[in-house]
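Work through the exercises below with the sequence and the model in view. Try each task before reading its solution.

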Amino acid sequence: MASVLVVEDDQFVRSALIRHLTEAAHTVRSVGTALEALREVAQVGFDVVILDLGLPDLDGAEALKMLRGVTDVPVIIATARDDEAEIVRLLNAGADDYLVKPFSVAHLSARMAAVLRRTTGEFGGSGDSGGDAVLRVGGLVVDPQRRMAQLDGVVLDLTRREFDLLAYLAGRPGVVVPRKELLAEVWQLSYGDDQTIDVHLSWLRRKLGETAARPRYLHTLRGVGVKLEPPQGEGGRI
Ligand code: CA
């Protein structure tokens, strides 16, 4: 069972997708434009996005680029164009998989399952000692195995990247983690701009109910890195 965002302007295809995905016990939200999709992914942590390439407001490649700018959610492209060069370009631009219309429900389900297996298996793995232990920092509980985080008993609705970032920092409480290390370990990038980290940090902060000016758990040290520690003076425990 997954939380799915369907981005599709064709009412017929959209209804069919919603019906089939709901029948398969997935939670589905749907929008008809790229801009609505961007707004949705910024607010809700989906497990997977099914993105139609022919949207009325933005070209599919452009839509994918903008999605990738704000989220790391797995994206399956649904396209009517069986154009190999275009598909390769989209996969290189960050799409996780693609389907050429018309596709069967069974085909879609199989692709979704494969993408979800890949993306959820990426963190921690299984059977490894220590890596999957539940992390506790003050009132924050992070469970890498179940990919669940709670703050003071309330489950946090985090995107995949926000969760990875939080889990990485929670595994090193009180330690200033250099931005370079975050890029390498959380984003698997050898270089990148600080904005990527800053944007995700600000979203994470909002979800933790704090601000950069009045931090509780997340502390940014200009030009050095980021540190997660229990709030001072609140009797936090690690
Ligand atoms: Ca379309």
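**Exercise 1.** Is E36 buried, partly exposed or exposed?

*Solution.* The model is predicted: local features need pLDDT of at least 70, side-chain atom pairs count only at pLDDT 80 or more, and totals for chains, interfaces and linings use all residues. Residues are numbered from 1 along each chain as its sequence is written, and side-chain values use heavy atoms, without hydrogens and water.
Step 1: take the cut-offs, where buried means under 20% relative accessible area, exposed means over 50%, and partly exposed lies in between (1.4 Å probe, protein chains only).
Step 2: E36 has a relative accessible area of 32%, so E36 is partly exposed.

**Exercise 2.** Which parts does the salt bridge between R29 and E40 tie together?

*Solution.* Step 1: a salt bridge is a side-chain nitrogen of Lys or Arg within 4 Å of a carboxyl oxygen of Asp or Glu. The side chains of R29 and E40 meet at 2.6 Å, N to O.
Step 2: R29 belongs to strand β2 (residues 27-31) and E40 to helix α2, so the pair joins parts that are 11 residues apart in sequence. Helices (H or I, at least four residues) and strands (E, at least two) are DSSP runs, numbered from the N terminus.
Step 3: R29 is partly exposed at 41%, while E40 is buried at 13%.

**Exercise 3.** Where do E86 and R89 lie?

*Solution.* Step 1: E86 and R89 form a salt bridge, with the closest N and O atoms 2.8 Å apart.
Step 2: both residues lie in helix α4 (residues 84-92), three residues apart, about one turn of the helix.
Step 3: E86 is buried at 11%, and R89 is partly exposed at 47%.
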